[in-house]
Amino acid sequence: MKVQAVLLVLSISYARVYGWGADGHMAVGYTAMQFLAPNALSFVQNSLGSSYSRSLGPAATWADTVRSQAAYSWCASAPFHFVDAEDNPPTSCSVSETRDCGSGNCILTAIANYTTRVVQTSLSATQRQEALKFLDHFLGDITQPLHVEALKVGGNDITVKCNGSSTNLHALWDTGIIEGFLKAQYGNSVTTWANSLATRIKTGNFASSKASWIACSDPSAPLSQKRSIQDDIDEFLAARSTAAITPLKCPLVWAQDSNTFDCSYVFGFTTGKDLCSGGTSSYAAGAQPIIEEQIAKGAYRLAAWLNVLFDGSVSLP
Ligand SMILES: *[C@@H]1O[C@H](CO)[C@@H](O)[C@H](O)[C@H]1NC(C)=O
Ligand SMILES: *[C@@H]1O[C@H](CO)[C@@H](O)[C@H](O)[C@H]1NC(C)=O
Ligand SMILES: [Zn+2]
């Protein structure tokens, strides 16, 4: 109870910097656990240890919880959890590395940084565990459409109503809608939700699209010509110098993918209307399949990422 109350307060006062709320992040981590190849799994379990139940699920929220600690003040102020796309939804959507990550500090560079660090054997076990926890978190954040949007501070400055309560558009996507369907359909259990997502990836309605989730080039290119996560990571690590941190290609493609929802759905609400009431025709009900697929994508990509880093290939079913 007490922990929940604290989390609630934090998620209100730090709304701008929170990605998916705790539930969304944990779902990414728990789902990813079901897709790890042997070496990735053993690194994850040993690195995280018992304080995180040897799982990416509980570890996924760490990157948000440290933001209030003095030792991590450098990451509280840096925009590592998002990329502020200066586009114009719902009319036009786009993400540009030079325009939107111009200072070189955004989620794209953060993912590059921690991709390097998680496999850097000269770092301490603690530093590599932190890199893992950041990847666990940022590969989730990058699938949240409002983490790839500058308009109205990623929707934070848009007040909306949900089941009679006042909230903002960003918080509604981070937590409000998820809490609603978690209670209604998954017994309020993140692990039940994660198991359902994993099953849908393996044999259900996500099975046919999962290959496209981990292909990262021009979305219109045929699948056979797409760049793979393995190409991306292999070239990145081979070219890596100790100096500059240059973003990888895949995270940019993923950011662009999330950002398209800002035009196709997120900003297409009716002002003044309660976005959660109205049953299956409500805005929240329409957002649920988008959110579930985005969380599933984050999980599948996270597993692929760690599998390439530790097992040498995506090794996914
Ligand atoms: C990379 O990560 C380290 C450790 O968290 C941090 O100190 C550093 O500022 C990061 N560098 C960049 C360019 O993000
Ligand atoms: C809004 O209320 C309805 C009816 O009680 C409930 O089914 C739904 O999950 C709620 N939505 C949210 C986002 O809380
Ligand atoms: Zn975050």
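**Salt bridges and a zinc site**

Glu292 is buried, with a relative accessible area of 6%, and in this predicted model its carboxylate forms a salt bridge with Arg200, the closest N and O atoms being 2.9 Å apart. Because Glu292 lies in helix H15 (residues 283–311) and Arg200 in helix H11 (residues 190–203), the pair ties together parts of the chain that are 92 residues apart in sequence. Arg200, the partner in this contact, is likewise buried, at a relative accessible area of 17%, which falls under the 20% limit that the word buried implies here.

Helix H15 also takes part in a second contact, since Lys297 in that helix is linked with Asp257 in helix H14 (residues 249–266), a distant part of the chain 40 residues apart from it. The contact between Asp257 and Lys297 is a salt bridge whose closest N and O atoms are 2.7 Å apart. The two partners stand on opposite sides of the burial limit, for Lys297 is buried, with a relative accessible area of 5%, whereas Asp257 is partly exposed, with a relative accessible area of 23%. This pair does not stand by itself, as Asp257, Lys297 and Arg301 are linked in a network of salt bridges.

How many salt bridges does a search of the whole structure find? The search finds 4 of them, and one that remains to be described joins Asp100 with Arg99, the closest N and O atoms being 2.7 Å apart. Here again the partners differ in burial, because Asp100, at 9% relative accessibility, counts as buried, while Arg99 is partly exposed, with a relative accessible area of 39%.

The other site to examine is the zinc ion (ligand 3), and the reader may ask which protein donors it has. They are His81, through ND1, His137, through NE2, and Asp141, through an OD atom, and these donors lie 2.1 to 2.2 Å from the ion. In sequence the donor residues are spaced H-x55-H-x3-D, and the pair of His81 and Asp141 links distant parts of the chain, 60 residues apart. His81 is placed in the loop between helix H6 (73–77) and helix H7 (97–100), whereas Asp141 belongs to helix H9 (residues 125–141). Both His81 and Asp141 are buried, so each has a relative accessible area under 20%.

Conventions:
Residues are numbered from 1 along each chain as its sequence is written. Chains are lettered from A and ligands numbered from 1 in the order in which they are written. This is a predicted model: local features need pLDDT of at least 70, side-chain atom pairs count only at pLDDT 80 or more; totals for chains, interfaces and linings use all residues. Side-chain values use heavy atoms; hydrogens and water are left out. Donors are N, O and S atoms within 2.8 Å of the metal (3.2 Å for Na, K and Ca); water is not among the atoms, so sites may look incomplete. Helices (H or I, at least four residues) and strands (E, at least two) are DSSP runs, numbered from the N terminus. Buried means under 20% relative accessible area, exposed over 50%, partly exposed in between (1.4 Å probe, protein chains only). A salt bridge is a side-chain nitrogen of Lys or Arg within 4 Å of a carboxyl oxygen of Asp or Glu.
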